[in-house]
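The following exercises, each with a worked solution, guide a reader through one structure. Please study the sequence and the model before attempting them.

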Amino acid sequence: MADEEVTREGMAREEAARESMSREEAARESMTSGEIAQEKIARAIQEKLREIEERECVKILYAVESGSRAWGFASPDSDYDVRFIYVRRPEEYLRLDPKRDVIEWQLDEVFDVNGWDIRKALIHFHKSSTTVFEWSRSPVVYWESPWWRQVYEAAEGYFQVKPALYQYYGVAKSTYSQFLLGETVTYKKYFYALRPLLACRYIWEHGCPPPIVFEELMREELPGELRQAVGELVERKKKTLEGDVQTPLPRIQRFIEEELEIWKARAGEKAGEPKKDWQALNQVFFRLMEMWRGSYEVIYQRGY
């Protein structure tokens, strides 16, 4: 009887495995060629993350897509801007010769992969850096450890309106000055000016980090008379290569110029908020150190 039960259990497991494989095959058959390509890219990125962990002796807490692929207006030849936040072993933070707080892993025509140490990320959260807030809200997540949610819950309260307005205004102003004053422009640069200006509008109205996806910002913040023109520009951008040059678009150009004047003034007039203390960020950093010494060490050994 015991042998019969073992046999039945083995047959049941085999049947369950076959059903699982059938479901995976059916799902794959329903995928478009573009979706299959994206799945392969995602697997390649996750393999790179595992390689980084092994070679650098770190644990990646969070890894996302940044840039145009996260914002929703990637060109056919856009690269993959992978950003990650990692933690080292506790003793590494006590060294007299500290290691760099960034890992620059790969930069080529396909991948741009680099990451920040958790200590650097927490310091930038304290500054209300829009960079780390954007990474934390990316719609394309390649990896999220069980403890990242604790990190962001501790950090999200450090967002402040005035520094965020200055940072987004600065990005838009720099893009406009460097890339949008010539006789020809690349459509990509319009979005690098439009998106931060619409982010300023959102922050001013809601007092919190803006949406990452450009079309969400456009629906909420772009004046109706410009929405169609910019929507068409989004579709054209998706079909043109990164370096393709075009003639300037006067209507969109004027909007950018007007918004730059508005947000320069408003960022300057906005009263600054009191700086929060470091307590919440210190506590989450200390917890990460404790986790590494305990169950965190087990997860590090197992990988993903």
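**Exercise 1.** Determine which strands helix α12 lies across, and at what angle it runs to β2.

*Solution.* Helix α12 (residues 279–293) lies across β1 and β2. Its direction makes an angle of about 75° with β2. Contact here means heavy atoms within 4.5 Å; axes are lines fitted to C-alpha atoms, for helices over the stretch in contact, and angles run from 0 to 180 degrees between N-to-C directions. Helices (H or I, at least four residues) and strands (E, at least two) are DSSP runs, numbered from the N terminus. The model is predicted: local features need pLDDT of at least 70, side-chain atom pairs count only at pLDDT 80 or more, and totals for chains, interfaces and linings use all residues. Residues are numbered from 1 along each chain as its sequence is written, and side-chain values use heavy atoms, with hydrogens and water left out.

**Exercise 2.** Establish the strand order of the open sheet of five strands.

*Solution.* The order is β3-β4-β2-β1-β5, with mixed pairing; two strands pair if DSSP finds at least two bridges between them. At the edges stand β3 (102–107) and β5 (141–144), each pairing on one side only. On average, neighbouring strands are turned by 20° against each other, direction ignored. Within the sheet, β2 and β4 (residues 111–117) run parallel and are joined by seven bridges. Asp81 has Asp112 in β4 as its bridge partner.

**Exercise 3.** Describe the largest pocket by its volume and its lining.

*Solution.* A pocket is, on a 1 Å grid over the protein atoms alone, an open set of points where a 1.4 Å probe fits, with protein on both sides within 12 Å along at least five of seven lines; lining residues have an atom within 4 Å of a point. The volume, which is the space filled by probe spheres set on the points, is about 410 Å³. Of the 20 lining residues, Ser66, Trp71, Thr131, Glu134 and Arg195 are the closest to the centre. Elements that each supply at least two lining residues include β1 (58–66), α5 (130–136) and α8 (187–206).

**Exercise 4.** Characterise the aromatic pair of Phe133 and Tyr152.

*Solution.* Rings of Phe, Tyr and Trp (its six-membered ring) pair if their centres lie within 6.5 Å; planes under 30 degrees apart count as stacked, over 60 as edge-to-face and the rest as tilted. The structure holds 16 such pairs. Phe133 and Tyr152 are edge-to-face, with 6.4 Å centre to centre and 75° between the planes. Phe133 lies in helix α5 and Tyr152 in helix α6 (residues 148–155), so the pair ties together parts that are 19 residues apart in sequence.
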